[in-house]
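Here are my notes from a look through this one, jotted down point by point. Have the viewer open while you read.

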Amino acid sequence: MTSAAAVLVPGLPASSETLASRTVRLREDDREAVLACQRGEREAFDRLVERYQRDVYRLCYRYVNNHHDANDLAQDAFLKAYRAISKFRGDSSFSTWIYRIAVNTCLNFRAGRRAQVEELSEQLADGSPGVAARLEDEEQSQKVRDAVSRLPEKQRATLILKIYHDLTHEEVAGIVGASVGTVKANLFHALGNLRKMLGGGAGSDGHGKPSH
Amino acid sequence: MANHLTDERLIDLLEETAGAETRRHAEECRPCQVRLQDARAGLKLAQSAEVPEPSPLYWEHFRRQVGHRLEAAQPRRWPRLAWGGLLATAAAALVLAVWMPGTPSGGRGTAQLPAWSALPPSDGDQGLAILAVIAPQASEELGVVADCHDVGNCLAELSDEESQALAEALRGQFAKGGTS
């Protein structure tokens with residue numbers, strides 16, 4: 001599991017420094033980099049890209065389930081962030097802001113390719129015995145990623161941000177534009193739907209459809 | 001048991017942030033236990049799915065790609081000093097070309113540069129007209145003044161090759177002014 005807060009600033013030692021102090025330092029560094037970007041220093045944005053590229057790429061990958069599109073979408077997200085950085089006022093952390101841009105970029109992309117995504121999901125759900133024999137773990141991961149990609153939009157965004165990026169409920173609420181209560185409800189339904197689609201829990205049939 | 005736990009409270013239980021009353025209810029209520037168990041199973045499944053990690057070299061490649069796309073998306077800008085210097089050079093070349101001793105005056109011969117009255121009417125920045133006069137090669141062949149409405153913007157948009165050509169054209173004009 002990755003965490004935006006837990007990502008170390010390149011060049012800083014992974015010492016006994018606590019996660020909390022690292023997070024504070026990271027946010028300070030982000031703020032300085034953002035201000036430098038706003039003064040027109042391109043190198044400062046390169047530092048932000050270096051710091052967040054993994055998280056943004058992984059977030060995009062969770063949405064599209066393939067490297068090629070995740071690569072393009074993550075780049076698009078950084079480009080959009082760069083163009084809009086003069087408007088970034090620091091009301092949220094930079095990480096929350098870039099995640100919001102990435103989520104919107106992925107949603108727009110998926111909206112344009114919905115039919116294709118669903119077709120892919122059906123193929124993956126069928127599975128291949130040959131591949132399953134050789135790559136059992138990867139197949140399981142793939143199935144879960146596929147199931148995540150079939151969740152309803154808000155449930156998927158909530159699950160990805162909360163479980164894979166370790167954001168707080170408040171941060172997720174800010175990104176998806178919902179209340180904390182709604183975020184928790186969406187998360188609960190997302191987890192229940194995953195269990196229904198993949199099995200592995202009480203009363204599972206492994207063939208459930210996601211409920212909204 | 002009435003008043004089962006809400007989805008929100010069940011998430012609190014899952015995250016171990018629930019209050020004592022919620023925990024007590026969950027211990028005693030079978031339907032809530034089942035729902036919590038399902039959520040736990042879903043969480044376990046979700047956590048089992050890793051994103052394949054690209055090669056370590058990929059991240060360097062990613063940064064470069066972002067850098068190139070940012071570069072391509074940005075209008076080219078010259079440092080203030082560079083285009084300020086070019087403007088100064090252009091102005092100096094113009095003055096020298098017109099006033100240099102030995103330069104044919106407006107009263108005799110064919111002037112190298114047309115009189116100001118002969119310049120085509122300019123709708124925009126007069127600096128463009130001056131540029132077209134003192135560096136016709138640059139303006140015609142390189143399209144320096146094409147699509148420009150302001151000499152400052154025009155110069156700021158020049159590529160290295162174009163600026164080199166403009167500098168050569170200005171030097172050429174300077175040489176003509178000095179020898180004719």
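What follows is a set of numbered remarks on folds, contacts, charges and rings.

1. First, the caveat: this is a predicted model. Everything below is computed from its atoms, so to speak, and the local features come from residues with pLDDT of at least 70.

2. Chain A in outline. There are ten helices in chain A and zero strands, and reading along the sequence gives the pattern α-α-α-α-α-α-α-α-α-α. Of the 212 residues in chain A, 50% are buried. If you take the contacts in chain A between residues at least 6 apart in sequence, 56% of them join residues at least 24 apart.

3. Where do the helices of the two chains cross? One place to look is helix 8 (residues 153-164) of chain A against helix 3 (residues 30-47) of chain B, whose axes come within 11 Å and cross at roughly 75°. That angle falls in the 65 to 115 degree band, which makes helix 8 of chain A roughly perpendicular to helix 3 of chain B. On the chain A side of the contact you'll find A:Leu159, A:Ile163 and A:Tyr164, and they meet B:Leu43, B:Ala46 and B:Gln47 from chain B. Sorted by type, the residues of this contact are five nonpolar, one polar and no charged.

4. Another spot in chain A is A:Val172, in helix 9 (residues 169-176). Is A:Val172 buried or exposed? A:Val172 counts as buried because its relative accessibility is 0%, against a cut-off of under 20%. Its C-alpha atom is 8.4 Å from that of A:Ala157, although the two residues are 15 apart along the chain. Setting aside neighbours within four places in sequence, A:Val172 is in contact with A:Thr158, A:Leu161, A:Lys162, A:Leu167 and A:Val183.

5. On to charges. Side chains of opposite charge can pair when their charged atoms come close. Over all chains, the search finds 18 salt bridges. Take A:Glu28 and A:Arg31 as one example: their closest N and O atoms are 2.7 Å apart. Why are these two about one helical turn apart? Because A:Glu28 and A:Arg31 sit three residues apart in helix 1 (residues 19-38) of chain A. As for exposure, A:Glu28 has 36% relative accessibility and is partly exposed, and A:Arg31 is partly exposed too, at 47%.

6. The salt bridge of A:Arg51 with A:Asp30 brings the closest N and O atoms to 2.4 Å. Here A:Arg51 comes from helix 2 (residues 42-64) of chain A and A:Asp30 from helix 1, so the pair ties together parts that are 21 residues apart in sequence. How accessible is A:Arg51? It counts as buried, at 7% relative accessibility. A:Asp30 is buried as well, with 3%. You may want to pull up this charged pair in your viewer.

7. In chain B, the side chains of B:Glu8 and B:Arg9 form a salt bridge at 3.9 Å, N to O, and the cut-off is 4 Å. Both partners count as partly exposed: B:Glu8 has 27% relative accessibility and B:Arg9 has 31%. Through shared partners, salt bridges join A:Lys184, B:Glu8, B:Arg9 and B:Asp12 into one network.

8. Now the rings. A pair of aromatic rings is described by the distance of the centres and the angle of the planes. The count over all chains is 13 aromatic pairs. For A:Tyr57 and A:Tyr61, the centres are 6.0 Å apart and the planes stand at 50°, so this pair is tilted. Both tyrosines lie in helix 2 of chain A, four residues apart, about one turn of the helix, and both are buried.

9. Which kind of pair do B:Tyr58 and B:Trp59 make? Their planes are at 65° and their centres 4.9 Å apart, so they count as edge-to-face, the cut-off for that being over 60 degrees. B:Tyr58 is buried at a relative accessible area of 8%, and B:Trp59 is buried at 2%.

10. Last, the rings of points 8 and 9 belong together: A:Tyr57, A:Tyr61, B:Tyr58 and B:Trp59 are among the members of one aromatic cluster. The cluster also includes A:Phe45, A:Phe78, A:Tyr82 and B:Phe62.

Notes:
Residues are numbered from 1 along each chain as its sequence is written. Chains are lettered from A and ligands numbered from 1 in the order in which they are written. This is a predicted model: local features need pLDDT of at least 70, side-chain atom pairs count only at pLDDT 80 or more; totals for chains, interfaces and linings use all residues. Side-chain values use heavy atoms; hydrogens and water are left out. Buried means under 20% relative accessible area, exposed over 50%, partly exposed in between (1.4 Å probe, protein chains only). Axes are lines fitted to C-alpha atoms, for helices over the stretch in contact, and angles run from 0 to 180 degrees between N-to-C directions. Angles under 35 degrees count as roughly parallel, over 145 as roughly antiparallel, 65 to 115 as roughly perpendicular and the rest as oblique. Contact means heavy atoms within 4.5 Å. Ala, Val, Leu, Ile, Met, Phe, Trp, Tyr, Cys and Pro count as nonpolar, Asp, Glu, Lys and Arg as charged, and the others, Gly among them, as polar. Rings of Phe, Tyr and Trp (its six-membered ring) pair if their centres lie within 6.5 Å; planes under 30 degrees apart count as stacked, over 60 as edge-to-face and the rest as tilted.
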